[in-house]
Number of protein chains: 2
Amino acid sequence: MSSEEAQAGDGKLYLDDLQVGQRFTSGPHAMDESGIKAFARQYDPQPYHLDEAAAKKSLFGGLVASGWHTAAVTMRLLVESVPIAGGVLGAGGELNWPRPTRPGDVLRVVSEIVEVRPSRSRPDRGMAMMRSETRNQRDEPVQIMTSRLVVPRRPA
Amino acid sequence: MSSEEAQAGDGKLYLDDLQVGQRFTSGPHAMDESGIKAFARQYDPQPYHLDEAAAKKSLFGGLVASGWHTAAVTMRLLVESVPIAGGVLGAGGELNWPRPTRPGDVLRVVSEIVEVRPSRSRPDRGMAMMRSETRNQRDEPVQIMTSRLVVPRRPA
């Protein structure tokens, strides 16, 4: 197998293919009111995610998506936009929601590799740090996440 | 209104009622295979969350829940177990998944207040840091999260 095939194959990237500064941009995902409420009913049943009148009186001033909904949609967009071999597999990370996601917002995720580190104990894998900004249609960040990804090394 | 009513009222806690070391324990939530796959189909469509045969060949050795599913269920359990006035409102935090959640796991969340800080610029609110461990039925942590919560101060 040529190294090109090893890298490309199904088009997936191994740790060896990742570089600091490498960027990935997702397609769009529109957030609507019914989806925001459905997620909230199941996972985050609080008034500002469920009820317009109550949300108006909250510090958000209107209905907003659960931050965990924004995070889940971000994951969907990462799976579609970051072609890492073995999948987008996070061991953890840091999460910030600088502003809420509202009904009608259209989200995209722009990701950048900020660190690549082969494992010393496991020669078959390594860790990549990726910073992902989830932005709305005004290009304002609604979520900033730095994730530690487990990434396989290219088979010898 | 007596101070007891101010604190109790609907039983909700203001920043003034929170103390470092204060703990909250949630009820249980059982994770089943169909729920794990349903979440994954919508938000994290990767083989080890969707397909047993593919999951067996992955580094998990079997079907596992998306970490974002564990996080969303954790949020639900926090809403039910942490009675903060104005809701459990996170501005961000740090998230770690030391081991996966598997079908049949029963999760609980144990939370502890680790810092309480009134805002200097906004006299009506403050920040509380809370460490929440999501544990399975063997008391092993599947998620460790430290969240920055926005908490209202008790009205004068």
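## Strands across the interface

Two strands count as paired if DSSP finds at least two bridges between them. Helices (H or I, at least four residues) and strands (E, at least two) are DSSP runs, numbered from the N terminus. With those terms in hand, a good place to start in this predicted model is where the two chains meet: β3(A) and strand β3 (residues 90–96) of chain B pair in the antiparallel sense over 5 bridges. Within that pairing, E94(A) faces E94(B), while G92(A) has N96(B) opposite it.

On chain A's own side, β3(A) also pairs with β6(A), again antiparallel, over 6 bridges. There, N96(A) has I144(A) of β6(A) as its bridge partner. So β3(A) has a partner strand in chain B as well as one in chain A, by the DSSP rule for pairing.

## How to read the model

Residues are numbered from 1 along each chain as its sequence is written, and chains are lettered from A and ligands numbered from 1 in the order in which they are written. In this predicted model, local features need pLDDT of at least 70 and side-chain atom pairs count only at pLDDT 80 or more, whereas totals for chains, interfaces and linings use all residues; side-chain values use heavy atoms, with hydrogens and water left out.

The predictor gives the complex an ipTM of 0.92 and a pTM of 0.93. Chain A has a mean pLDDT (the predictor's confidence in each residue, from 0 to 100) of 93, and 94% of its residues reach 70 or more. Residues 1–8 of chain A have pLDDT below 50 and, beyond near neighbours in sequence, make 9 contacts in the model. Where pLDDT is low, the predicted coordinates should not be read in detail.

## Chain A at a glance

Chain A contains 5 helices and 6 strands, which run α-β-β-α-α-α-α-β-β-β-β from the N terminus on. Its C-alpha atoms fill a box of roughly 60 × 30 × 25 Å along the principal axes.

## The surface that chain A offers

Contact here means heavy atoms within 4.5 Å; by that rule, 34 residues of chain A touch 34 residues of chain B. About 2,700 Å² is buried between them, 60% of it from carbon and sulfur atoms (buried area is the accessible area, 1.4 Å probe, that two parts lose on being put together, summed over both). In chain A, Y43(A), W68(A) and R76(A) lose the most area to chain B, together 24% of what that side buries.

The elements giving two or more residues to this side are α2 (33–43), α5 (67–81), β3 (90–96) and β6 (141–152) of chain A. The largest share, 8 residues, comes from α5(A). By class, the side has 19 nonpolar, 9 polar and 6 charged residues (Ala, Val, Leu, Ile, Met, Phe, Trp, Tyr, Cys and Pro count as nonpolar, Asp, Glu, Lys and Arg as charged, and the others, Gly among them, as polar).

## Salt bridges

A salt bridge is a side-chain nitrogen of Lys or Arg within 4 Å of a carboxyl oxygen of Asp or Glu. The rule finds 26 over all chains, but 0 across the interface of chain A and chain B. In chain A, E52(A) and K37(A) form one at 3.2 Å, N to O. E52(A) lies in helix α4 (residues 52–57) and K37(A) in helix α2, so the pair ties together parts 15 residues apart in sequence.
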